[in-house]
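This report walks through the open and enclosed spaces of one protein model, then its cores and a helix.

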Amino acid sequence: MTADMFHRLTLSSASLLTAALLLGCDAQSAQPPAGTAPAAAPKAAHGKEIAMARGKVEVQGGLLELAPAQEGIVQTLSVREGQDVQRGQLLLRLEDHTSVADIAVAESELSLAQARHQARQQRLPSLQRHAARLAEAVAEGATEPQRAEEAQQALKDAESELSISQAEIRVAQSRIAQIRAQQSKLELRAPEAGNVVRVTTHAGQRTTAQPAITLLPRRPLIVRAEVNESFAKQVQVGTTASVITDGDSTPVALPAAKVVRISPVLGNGRLHDDAQRGPVRVVECVLEFEQSPAVRVGQNVRVSFHE
């Protein structure tokens, strides 16, 4: 072997030894330090699933179907669909052909009764002084007793007339209140704050017993779920649940919910039927969301109950 060949062989051996050492260092650095446990898998967000159910998102107390207290022709419609309204806000008013005139008459009667009462009230002090002076005169023998008796009778008559005028005022006030109460039946006002989701009438139309306006009240949303009777015993008040939308191409997770009421009645399911075995027997339960969800009332959902 020549010196040149020996030199090349030595260089090749040194290169291989260096590469082996580098690979060993990389492998050693990839291993966790001694005594360090592997990273734990993330915990599940919920406990063990114990039951599933179909449900529907509702508003507490349900939608408000509103109609005037009596039938009539709509004179003014003050709201439109999609509008937010406040408690007491006027929604519509019916035509009024008689109460305006009636209340004008009643207010005139009240003014007359008040004027009569005031006049009688102003006259009363002088009659009281006159009766007192005659009584003193009779006691001193300066006048006849009959005059004192007549003055006393006039005072009693004036006091009676004053009482009558007070009663006339109360009657007139009651009459006005009665007419105004009748007028209020011609108005439909929002019983609470909410959103107008449907209007089924318009100005000039005659109202009937059917709802004229449907209002979505500003209340918390709930889920009304139907639990199959086979799993009903596993669900209790306080049980937590996860909720996802049902019927969408991509289900959306809603905030966690908790069971707040379980019906004591077993009934037929309305959200799903078995075509072969007939209606499914279910127990209805109500769940409240922990946070307000961004979902529409009436949305079908699937509920998973957890331990």
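The model is predicted. Strand 7 (194–199), strand 8 (213–217) and strand 12 (278–289) each contribute at least two residues to the lining of the largest pocket. That pocket has a volume of about 220 Å³. Its lining counts 16 residues, and Arg218, Arg219, Pro220, Leu221 and Ser292 are the closest to the centre. By class, the pocket lining splits into 7 nonpolar, 5 polar and 4 charged residues.

Enclosed space is a separate matter. The count comes to 1 cavity of 30 Å³ or more. The largest cavity holds about 40 Å³. Its lining is made of Val227, Ala232, Val235, Ile262, Val283 and Cys285. No polar and no charged residues appear in that lining; 6 nonpolar residues do.

The table sets the two linings side by side.

| Space | Nonpolar residues | Polar residues | Charged residues |
|---|---|---|---|
| Largest pocket | 7 | 5 | 4 |
| Largest cavity | 6 | no | no |

Next, the cores. Which residues of the largest nonpolar core touch the most other members? They are Val223, Val243, Leu287, Val303 and Phe305, out of 22 residues in that core. Six named strands give two or more residues each to this core: strand 1 (49–59), strand 9 (221–228), strand 10 (240–245), strand 11 (253–274), strand 12 and strand 13 (300–306). Strand 1 gives the most, with 5 residues.

Val243 deserves a closer look. Leaving out residues up to four places away in sequence, Val243 touches Val223 and Val303. Both of these are also among the core members that touch the most others. The other contacts of Val243 are Val252, Ala253, Leu254, Pro255, Ala257, Phe289, Val301 and Arg302.

A second core is separate from the largest one and has 16 residues. Val74, Leu188, Val199 and Leu215 are among them.

The last element is helix 3, residues 145–184. Helix 3 has 40 residues. From first C-alpha to last, helix 3 reaches 59 Å. That is close to the 58 Å expected at 1.5 Å a residue.

Which residues of helix 3 are buried? Ala148, Ala151, Leu155, Ala158 and Leu162 are, and further along so are Ser165, Ile169, Ala172, Ile176 and Ile179. What do these buried residues pack against? Their partner is helix 2 (99–140).

Definitions and conventions: Residues are numbered from 1 along each chain as its sequence is written. This is a predicted model: local features need pLDDT of at least 70, side-chain atom pairs count only at pLDDT 80 or more; totals for chains, interfaces and linings use all residues. Side-chain values use heavy atoms; hydrogens and water are left out. On a 1 Å grid over the protein atoms alone, a cavity is a set of points where a 1.4 Å probe fits but cannot get out, and a pocket is an open set with protein on both sides within 12 Å along at least five of seven lines; lining residues have an atom within 4 Å of a point. Grid points are joined across faces, edges and corners, and a volume is the space filled by probe spheres set on the points. Helices (H or I, at least four residues) and strands (E, at least two) are DSSP runs, numbered from the N terminus. Ala, Val, Leu, Ile, Met, Phe, Trp, Tyr, Cys and Pro count as nonpolar, Asp, Glu, Lys and Arg as charged, and the others, Gly among them, as polar. The expected span of a helix is 1.5 Å times one less than its number of residues. Buried means under 20% relative accessible area, exposed over 50%, partly exposed in between (1.4 Å probe, protein chains only). Contact means heavy atoms within 4.5 Å. A nonpolar core is a set of buried Ala, Val, Leu, Ile, Met, Phe, Trp, Tyr and Cys residues joined through side-chain atoms within 4.5 Å.
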